[in-house]
Structures are given as structure tokens and as C-alpha cells.
Amino acid sequence: MSAAPSLPVRALAALGRPVVAAARATLELWGVLIGTLAGIIRSYGKGGRRPRGAVLAQMYAIGNRSLVFVAVTLGFIGMVMMYQACLQFSRAIGDLSQVGLQFLRLVVSDFGPTLTAMMLATRVGAGIAAEIGSMKVTEQLDALRMSGVLPIDYLLVPRFLASIVMTVALTILGAAIMYGAGGLTAWLSFGVNPRTFFDPAMVQPRHLALGLIKAVTYGAAIPIVSGFCGLRARGSSEGVGWATTAAVVGSSFAVIALDFALSVGALWLFGGDL
Amino acid sequence: MTARAFVEFIGVEKAFAGKPVLRGMDLAIGKGEILYIIGTSGVGKSVTIKHLVGFLPIDRGEIWFDGQRVDQLDERGFYPVRRRVGMVFQNATLFDAMTLTENVALPLRKHQGLGWKAALADARRRLAQVYLADFADRYPAELSDGMRKRAAIARTLTLAPEVVLFDEPTTGLDPVNARRIDRLIRELSRTLGVTAVVVSHDLPSIMSVADRVAFLYQGRVHALATPAALAASADPIVQQFIAGRSSGPMETPGF
């Protein structure tokens, strides 16, 4: 009979297990991304057979059905942020003429896409993970494979494409509402002249480009992370619940991490001019 | 060269989280045969049929289908196998977001390359064959269990498979619908020469339909015989299972 492993060996194994699991999960996540990109080529390349109207249906589900949620949330965030900004500006320097200029730059390059994506991560991410997860635990994914369909092509490709398009569209809408609500707050609460506030002078094409790149990246990341969580669902309803929670946490984290990475990259590229 | 059976499992081993389920299972199934796989819950019956279509990889052993070794195929490699081997899942597993017609049309479109309109027309015809023409535009959630199961069978049969795997096809059905499914399995085998591998606990079904029965116990085929021979077996373990006795020599994990 072999002797039981010593304490250091058991401690090392206990430490190593989550590291191995995390590495495996990371590899699987990349596998889902690569599989989805390959699925786009398979579905939309020469001789490809794409699901009929699937992207449009997902655009409606992801975009139209998130419209009110995103608009209201970003409107309120814009008001709260502007109120606080005006309060601090008036206390510190007593001049509010620059507040609109700075706010627009931030909304375009950062707050607009990031906050829109955070909202989508909760609503859309949870929906994708719950749908794919419940299909997984009820063997519908196996039934798809028996029907000659790769689940990634059928489920993730339309969501991936629709999410990119609609995240960009909702970012434009959300940023406009946020900026408008901020301007209204500054005018009604602090008497900032709307002509002074709504001045796009400080927004450069690079700010717009950064905002657009962020929106596209977030739009791609949310269905990939959520789909990955749904595909890992095990067991029954508890597994679907776990997948849904993991999708919301993972998608939100992905948005924040990507925001950091893209902002650092842009700072490195443009320096203090950003 | 060794002559292989139409479907053959050789020394198949499979464990989940270190817990062995199949422990060197050998099983050979002839063409056109109706073979029932029986055994206690968790013994590996569904796992066995899932191995054949590549849903679960085996840990050790070999699986052969029509002279081709299939256990080493990748996902794409299994495509041609899945064209020839259909599966009716335990819970029908129709796609919730599709109507019955769309469900049945999907494999026609993907495996046979039919256009969408042609696939839908063919799907309607096939639904009529299982008496579901009036429900063709309904969603699965709007139908009874028996209807869903019939639609799932229609979907499986669209590709004219040579082997159909049934995972507990009569579970949850009333006796009338259960016997209808039995009759369908028999007709498939007798009229079309389809090989049927059926996982089941339904003794009336087993006794009236099966050509042979494989009784799985402790990860291996413990007994393989005709239903009559199995019923007459002197093996105490087989007898305990057939009689449904709670006490006896059978070791049941978890009890």
C-alpha cells in the first residue's frame, strides 16, 4: 500500500488545482473565440449555410430589447456624474465653463462605451448564458450535433455578430443620452449655459476612434464570455444558475479589463494628447 | 483480418471524476438487430450509446461501426457517422425556439444540404407520417410528451439512419403511447432493416420487442441473451433485476 502524500505535497496540490483549472478555462475561452471566428468563415464564406434571419433576430433581442434599459440607466448616470462634477468644480475652482468640454471627451472615449457595455453584460450576458446553459443540460446541444450543426455556429455566431453591431449602436445612443442628461443637469442645477456645455471643440477623431474600438471589443467579448459560461453548464437548473452568474461576473470583468487595456494602449500611443 | 460486428465495443472503459462507470465493456451488435441495454441507474447504459456518436470520449478500448474505428474521430470526423446513426434522446430534446417543422427540417438542411423551402416541405410530410400534421407549426412547449417524442423520432428518421439509438424512449409515456413507440421500433427494424439500440427500464417493452438484451452490471455486460433466455436465467443477479427485488446479491452503489 502506498503511503499518503506528505503535507507539503498536499498543500502544493491544493494550490495547483485551481491554477490548472483556471489555465484550462482560459484555453477553453480562447477555443470558443477561435471557434466563433472560424464559424463566421464557415457560415458566411463561400458555400456557407447561415441560419435564416438569425443575426437580425439576435440584433432585435440584444439591441432593441435593451434600448430602454440602457437609455434610462445611462441618462441617470449622466445626471449624477454631472451633478457631482459641477459640485467639485465649483468648490475647487469656481469655474464651470470647462465642465461640458471635458465631460464630452470622457463620454465619447470612455464612459459611453464602457457603461453601455456594463449594462449589456448584465442583461445580454445573463440571457445568452441561461439559454445556452439550459440547452446544454437538456441535451439540446447534443441534438444539434446529431442534426449536423456545430452549436457554436448555430448559437454563438449570430449572437457575436449581432452583439458587435448593437453594442456600437447602443453606445452611440447611450453616450448621446448621457451627455444630454448631463448638460440638462448642469443647466438646471448650476446654471451652466447650454451653449458653453454642448461644445464639441475638444473631441478629436482619436477619441471617437477609441470609443468605437472599445464598443466593438466589448460587443465581441460579452457573447464570447457568456457563451463560454453557458457551454460549461453542468447538471440541471443549478448548473444553469451557476453559468448565468458566471456570465454576468465574467462579462462585466471582461469589460473593465478591456477598458483598462485599451485605455493604457491609447495613452501609450497618444501620450498626454489623449 | 478479424470480422467485426456492425457495431462493436471492445474493452471500453470510462470514468467520471475518477469514478469508473464502464470497466472493460465488450458488446457486439448485429446489423438489423434490436438490442436492449438494461441495468440499474448509473451503470453506464446511456454513456454506452453516447460513446458511439462521439458525445463522450472513452478512456480506453475501441468502438467500431461498420468496419470503421470511430472512438478516435474528432468532432468533424463524427459527422458522417451521425448521418448514419440517429439518436432519440430521453426527453425528446426538440429545439424550444423552433416549430416542429423547423425542428425536423434542420437535419435535412444540414446533413442532406436541402434548401430551406425544400427541407420544410419534406419535414411537413414526415410529421404527417407520425400523425403530427396538424401540429406542424406548433412549438414543442405546446405539445404533450408523447407528441414531442413522436416529433423527435420523425426528426431522427429524416436522414434514414442505419442505426437508431433510443435513450429510454418509453419513459414518462402512458402505456398506450409506450406500446406505439415499441411498435415503431419493431417496424423500423423489420421493414427498413434499421439496427436499434434501446436503453430502457420498461420490462414489457423489452420482452416484446428485443431480439437480444444486454444486462450491464459493474461496468461490464453481465448477461447477453434473448428476452426469454434472460427471464429464465438462473443467475441470481439477473433474477433480482428482472424481479425488481430490493434485496439480493446485486451491489447497488449509494444504497
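Trainee: Is H5(B) mostly covered or mostly open, and how many of its residues are buried?

Mentor: Keep in mind that this is a predicted model. H5(B) is mostly covered, with ten of its 13 residues buried. In general, an α-helix has 3.6 residues a turn, so residues three or four places apart point the same way. Here, the buried ones include Met147(B), Arg150(B), Ala151(B) and Ala154(B). Charged names turn up too: Lys149(B) and Arg155(B) are also buried.

Trainee: What covers the buried residues of H5(B)?

Mentor: Part of the cover comes from chain B itself, including E6, H3, helix H4 (116-129), strand E7 (163-167) and helix H6 (175-192). Chain A joins in as well, through its own helix H5 (140-146).

Trainee: How does the end-to-end span of helix H5 of chain B fit with its 13 residues?

Mentor: Count 1.5 Å a residue, and remember that the sum uses one less than the number of residues. For residues 145-157 of chain B that gives an expected 18 Å, and the end C-alpha atoms are 18 Å apart, so the two agree.

Trainee: Okay, on to the two chains. How much area do chain B and chain A bury between them?

Mentor: The size of an interface is often given as the accessible area lost when the parts come together. For chain B and chain A it's about 2,100 Å², 54% of it on carbon and sulfur atoms. You can also count residues: 27 of chain B are in contact with 18 of chain A.

Trainee: How many salt bridges does the rule find across the interface of chain B and chain A?

Mentor: Two. Glu75(B) forms a salt bridge with Arg145(A), where the closest N and O atoms are 2.9 Å apart. There are also four residue pairs in polar contact across the interface.

Trainee: Which elements give two or more residues to the side of chain B that touches chain A?

Mentor: They are helix H2 (78-84), strand E6 (85-88) and helix H3 (100-111) of chain B. The largest share, five residues, comes from H3(B). By type, that side of chain B divides into 13 nonpolar, six polar and eight charged residues.

Trainee: Let's try one residue. Is Asp142(A) buried or exposed?

Mentor: Compare its relative accessible area with the cut-off: buried means under 20%. Asp142(A) has 15%, so it counts as buried. This residue is found in helix H5 of chain A. Its side chain makes a polar contact of 3.1 Å with that of Arg145(A).

Trainee: Leaving aside its neighbours within four places in sequence, what is Asp142(A) in contact with?

Mentor: Phe55(B) and Phe89(B).

Technical notes:
Residues numbered from 1 in each chain as written. Chains lettered and ligands numbered in written order. Predicted model: local features only at pLDDT ≥ 70, side-chain atom pairs only at ≥ 80, totals over all residues. Heavy atoms only, no water. Contact = heavy atoms within 4.5 Å. Buried area = accessible area lost by both parts, 1.4 Å probe. Salt bridge = Lys/Arg side-chain N within 4 Å of Asp/Glu carboxyl O. Polar contact = N/O pair within 3.5 Å; in protein donor to acceptor, adjacent residues only side chain to side chain. Helix = DSSP H or I, 4+ residues; strand = E, 2+ residues; numbered from the N terminus. Nonpolar A, V, L, I, M, F, W, Y, C, P; charged D, E, K, R; others polar. Buried < 20%, exposed > 50% of the residue type's maximum accessible area, 1.4 Å probe, protein only.
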